[in-house]
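Here's a quick walk through a protein model, one piece at a time. Take a look at the structure first, then we'll start with a helix.

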Amino acid sequence: MGLNGRRDNQRQMNTPGLGQAHDYPGKLIVVEGIDGSGKSTQAQLLQKWLLNRGVPVFFTEWNSSPLVRRATKAGKKKNRLTPTTFSLLHLTDFADRLTYQIIPPLKAGMVVIADRYAFTAFARDVARGVHPQWVREAYSFAVRPDIAFYFKVTVECSLDRLQSSRAKIKFYEAGMDLNLSRNVEESFCIFQGQVLEQYDAMSDEYDFEVIDAELPIDVQQLMVRRAVERRVADYMAPFSTRTPARAGMLPLSEAR
Amino acid sequence: MIKPLTFIGQGLPYLDPGHLSGWLIVVEGSDGAGRTTQIQLLRGWLEYQGYGVVDTDWTLSPLVSTTIGLAKEGHAMNVLTFNLLYATDFADRLEHEIIPALRAGFVVLSDRYIYTAIARALARGADREWVRNLFGFALQPDIVFYLKADVQTLARRTLLAAGLDYWESGLDQNPGMDPYDSFIHYQRRLLREYSRLAKEFNFVTVNAKPAISTVQRHLREHLLPILTSEGREHTLDVEEPRL
């Protein structure tokens, strides 16, 4: 253990990377989509379902590590972020969460649900103008997900949803840093339209499970659950969160 | 002289391709090699010769310097986030300080550049290709000086100046080791990486052991053919101001 721990410390990260399937006992499920696509709602419903079946789940959210929170907040507040520093701060956040929140639960055999993943950077940062090859290489140490859901929605629909749920569209969400338009809504539509194009172009490259995010919430959720059952059919929970007494290997389909 | 923007790798595709009229001069080398002293002297010389000079140091950007400081104190970084925070810091300075100064025709004297970050990352076991790509957004300098000294000289000078610090001693890589031994161990690895980078990126290697004035003269001589301006009749004088 001492030796291995030390070697891990010296090597950057011994993950097979995005190009190759991981062999951790856990499973990594990712939800992606533009702001207002409803992906977080779907991720939470999936988490509840899995927990109810006794599957141990760890939930991790984009841009949530304490390490860079202060810098990101300050940079956004002063509008100091450039496409490159915006990308690098998010990458640092991701690296921190991958090390402490994603890989450890996967090694422990848990299901990790990630609300946004490297694909968010591939879509958003490229829409902001960074080189697509550069950002893909920069994230190359990421673990390849077992399923990546892409919640596909039109820009108009996502704008409607955001406006009805909160008062204001955020500066960077609308791509206002890119001077596309002085009008926030117009800028949002242009910028998110470009993000959407990137997601669509990536769908095949990364084998996205595409979900029509304009269907009723419960219909989408049933599609999500079916896809999980289908694509991680080999998953065995190492312990059950529901009935601790029944700890043991437990296939997803029988864990009810 | 007007030059196009040239990058080390993929660059910054969203930037206005415009032109640069200044010069980017980098001084690399380990702590204790005399970088700061030489840069101060270069600045005095260049200003005496009529050039506008801006200097920039590794990690001074307002964006993440506090974060780096806090993370270093709490040892909250791992190898990966350590490299990424320095890359972020550099990107911020590149776009907010270095490129604007070069566009305005200044000589930018950079005390360390991406090569320090690359050497540190490699000494910590990072993937070579990954690090190179990561810093591919960096601007290609007009010249990179590498002040080279042996480990014993570096150790003596560092101890005289400030004593050893946790990260400069590479103690994160050698937990439990005596700080002096760890420093020597880590600096040896860094020197090996600098030597490889010197070949790969065509550094001008300058022996840092001779007297300060001798080193300075070497640096000035190497700058003569680079610092040419249209309409400047007299060439630069290596001797003035006196050393």
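Which exposed residues sit on the face of α2(A) turned away from its buried side? They are K48(A) and N52(A). Here, exposed means that 12 or fewer other C-beta atoms lie within 10 Å of a residue's own, buried means 20 or more, and partly exposed is in between, with C-beta atoms placed from the backbone. Helices (H or I, at least four residues) and strands (E, at least two) are DSSP runs, numbered from the N terminus.

Before going on, a word on what you're looking at: this is a predicted model, where local features need pLDDT of at least 70 and side-chain atom pairs count only at pLDDT 80 or more, while totals for chains, interfaces and linings use all residues. Residues are numbered from 1 along each chain as its sequence is written, and chains are lettered from A and ligands numbered from 1 in the order in which they are written.

Back to the helix. On the buried side of α2(A) you'll find K39(A), Q42(A), A43(A), L46(A) and L50(A). Viewed down the axis of α2(A), the buried residues fall within an arc of 100° (taken from the directions from the helix axis to the C-beta atoms), so they line one face of the helix. That fits a general rule: an α-helix has 3.6 residues a turn, so residues three or four places apart point the same way. Just after α2(A) comes G54(A), with a positive phi near 85°.

What do those buried residues of α2(A) pack against? The partners are β1, β2, β3, β4 and α9 (217–231) of chain A, where contact means that C-beta atoms, placed from the backbone, lie within 7 Å.

Those strands belong to an open sheet of 5 strands in chain A, ordered β2-β3-β1-β4-β5 with parallel pairing; two strands pair if DSSP finds at least two bridges between them. At the edges are β2 (57–61) and β5 (209–212) of chain A, each pairing on one side only. Within the sheet, 4 bridges join β1 (residues 27–32) to β4 (residues 147–152) of chain A, and V31(A) stands opposite F149(A) in β4(A).

Finally, turn to where the chains meet. The contact takes 31 residues from chain A and 30 residues from chain B. On the chain A side, α3 (66–77), α4 (83–107) and α6 (132–138) each supply at least two residues, and α4(A) gives the largest share, 10 residues.

Methods
Two residues are in contact if their C-beta atoms, placed from the backbone, lie within 7 Å.
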